[in-house]
Amino acid sequence: MTAAGIITEYNPLHMGHVHLMAEARRLLGPETGILCVMSGNYVQRGDFAIAGKFARAAAAVRSGADLVLELPVSWALSSAEGFAAGAVETLKATGAVTHLVFGSEGGDAAPLIRCAEALCAEAFSPKLREELKKGDSFPAARQRVLETLLSREDARALERPNDTLGVEYCKALRGSGIQAVAVPRRGAEHNSETAGDGFASASAVRALIHRGEEERALSLMAPAMAEGYREERAAGRAPAALANCERAVLARLRFLEEADWAALDLGNEGLYRRFARSAGSAASLAELLETVKTKRYPLARLRRMVFRAYLGLPPAPPERPVYLRVLAENERGTALLAGMRRTSTLPVLTKPAAVRRLSEEARRLFDLEARASRLYALACPDPSAVPDEWRTGPVICKGRAG
């Protein structure tokens, strides 16, 4: 069976996401399996997912996907490069995925592949180091260097958020044999709080929820996501929000010493000193970030450092995942899973307890996931309502998508 991979967060799942899954089947054939790699309870911008991973994964399977695998928290709370690398390694390890399909402002994979090749070229790194000495942000410096290696039009891909992430996917795909397929993005721009083409961005939907306009937000979600969100809200598990546990986060940060922050500052650029000075007295996360930020560091990077510190994550994710964990599946997903048990280069987890029979590294990573989920529970309206990671298996949905 041909399988298309989609890397996602579904925070929450909206009609633009459903459109992408439908386009994957239109382009690759109606019998194509859709295999998603999805962030768990934390998302790449440095935040809690607004609804738990099992609810979001089930909504995906009821909206077009066949099988949803978890992107562990170490990669989910990483840079765009780390996020893409971990997700692509997961897809590669299945041995079942032939194409990676993603939304793109440009709608063409070719210039993104050219950008990826240029970023991996031997000439790139020394030129980037020279540009960074000028004190500008990493994204700005990187784009200027890329303009010296490619056409201005190709380099402009790094000005567009989905295309930028697409470039990271293409970097991670090099030599894998998996083909990149860019689908023109429909609707509102990434991180926009407006709707476009009738499709709202996930950022817009979250903003409505946080403003108390839940019914409007629900109308912009995919129907299965809206239904799942209502169930999560009724159970006390949604919406997860920093406001519910901000003091717990701040308390954790106040215990950290400068050396702890230094370990998280992978660029070794002195950012850790700003955190160490401010974390001991900041009365809110907003105050902390306002004190630490400079034009050189994107806010998402600072938020990720905060969340990695809160969760006790290592400075960087491991080189690659060590198991594949299933969050949700349908009938066609079960068939995909059966094939993966023959082709996968990693163990496939459907029962959490099975991790105890795996390597020490696998057990350590799963323990980390379980600890992160316990802390995620503090962000939910009723922390006691969040299921224990060790006792929760995949959601099995009837029928098949598409």
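**Exercise 1. Find which residues Leu327 touches beyond its neighbours within four places in sequence.**

*Solution.*
Step 1. Set aside the neighbours within four places in sequence; Leu327 is then in contact with Met38, Lys53, Phe54, Ala57, Val68, Leu69, Glu70, Pro394 and Val395. The model is a predicted one.

Step 2. Place the residue. Leu327 sits in strand 10, residues 324–329.

Step 3. Take one partner, Val68. Along the chain, Val68 and Leu327 are 259 residues apart. In space, their C-alpha atoms are separated by 5.5 Å.

**Exercise 2. Decide whether Leu327 is buried or exposed, and do the same for the residues of strand 10.**

*Solution.*
Step 1. Recall the cut-off: buried means under 20% relative accessible area.

Step 2. Apply it. Leu327 has a relative accessible area of 0%, so Leu327 is buried.

Step 3. Widen the view to the strand. In strand 10, six of the six residues are buried, so the rest of the structure largely encloses this strand.

**Exercise 3. Work out which way strand 10 runs relative to strand 5, strand 11 and strand 12.**

*Solution.*
Step 1. Start with strand 5. Strands 5 and 10 run antiparallel and are joined by three bridges. In this pairing, Val68 has Ala328 of strand 10 as its bridge partner.

Step 2. Go on to strand 11, residues 348–349. Strands 10 and 11 run parallel, with two bridges between them. Here Leu324 is bridged to Val348 of strand 11. The chain gets from strand 10 to strand 11 through helix 18, and this β-α-β crossover is right-handed.

Step 3. Finish with strand 12, residues 395–396. Strand 12 runs parallel to strand 10, and two bridges join them. Opposite Ala328 stands Val395 of strand 12.

**Exercise 4. Describe how strand 2 is covered and which strands pair with it.**

*Solution.*
Step 1. Count the buried residues. Strand 2 covers residues 33–39, and seven of its seven residues are buried.

Step 2. Sort them by side. Gly33, Leu35, Val37 and Ser39 are on one side, while Ile34, Cys36 and Met38 are on the other. Both faces of strand 2 are therefore covered.

Step 3. Look at strand 1, residues 3–8. Strand 1 pairs with strand 2 in the parallel sense, over six bridges. Ala4 is opposite Ile34 of strand 2. Between these two strands the chain passes through helix 1, residues 15–28, in a right-handed β-α-β crossover.

Step 4. Look at strand 5, residues 67–71. Strands 2 and 5 run parallel and share five bridges. Ser39 has Leu71 of strand 5 as its bridge partner.

**Exercise 5. Contrast the buried residues of helix 2 with those of helix 6.**

*Solution.*
Step 1. Take helix 2, residues 53–61. Nine of its nine residues are buried, among them Lys53, Phe54 and Ala57. Lys53, Phe54 and Ala57 are also among the contacts of Leu327.

Step 2. Take helix 6, residues 124–132. Its buried residues include Phe124, Leu128, Glu131 and Leu132. Seen down the helix axis, the buried residues of helix 6 fall within an arc of 95 degrees, so they line one face.

Step 3. Recall the geometry. An α-helix has 3.6 residues a turn, so residues three or four places apart point the same way.

Step 4. Find the packing partners. The buried residues of helix 6 pack against helix 5 (109–119) and helix 7 (138–149).

**Exercise 6. Locate Ser344 and say what its side chain lies 3.1 Å from.**

*Solution.*
Step 1. Locate the residue. Ser344 lies in the loop between helix 18 (331–343) and strand 11.

Step 2. Check its exposure. Ser344 has 16% relative accessibility, so it counts as buried.

Step 3. Find the polar partner. A polar atom of the Ser344 side chain is 3.1 Å from the backbone oxygen of Ala93.

Step 4. List the contacts. Leaving aside neighbours within four places in sequence, Ser344 is in contact with Ala93, Thr94 and Leu324.

**Exercise 7. Judge how compact the whole protein is.**

*Solution.*
Step 1. Take stock of the secondary structure: 19 helices and twelve strands.

Step 2. Test the radius of gyration. The value is 20 Å, close to the 21 Å that the globule rule gives for 402 residues, so the protein is as compact as a globular protein of that length.

Step 3. Add the box. Along the principal axes, the C-alpha atoms fill roughly 55 × 50 × 45 Å.

Step 4. Add burial and contacts. Of the 402 residues, 56% are buried. Among contacts between residues at least 6 apart in sequence, 73% join residues at least 24 apart.

Methods. Residues are numbered from 1 along each chain as its sequence is written. This is a predicted model: local features need pLDDT of at least 70, side-chain atom pairs count only at pLDDT 80 or more; totals for chains, interfaces and linings use all residues. Side-chain values use heavy atoms; hydrogens and water are left out. Buried means under 20% relative accessible area, exposed over 50%, partly exposed in between (1.4 Å probe, protein chains only). Helices (H or I, at least four residues) and strands (E, at least two) are DSSP runs, numbered from the N terminus. The arc is that of the directions from the helix axis to the C-beta atoms. Contact means heavy atoms within 4.5 Å. Two strands pair if DSSP finds at least two bridges between them. A crossover is right-handed if, with the strands pointing away from the viewer, the path from the first strand over the helix to the second runs clockwise. A polar contact is a pair of N or O atoms within 3.5 Å; within protein, one must be able to donate a hydrogen and the other to accept it, and residues adjacent in sequence count only if both atoms are side-chain atoms. The radius of gyration is taken over C-alpha atoms; the globule rule is 2.2 Å times the number of residues to the power 0.38.
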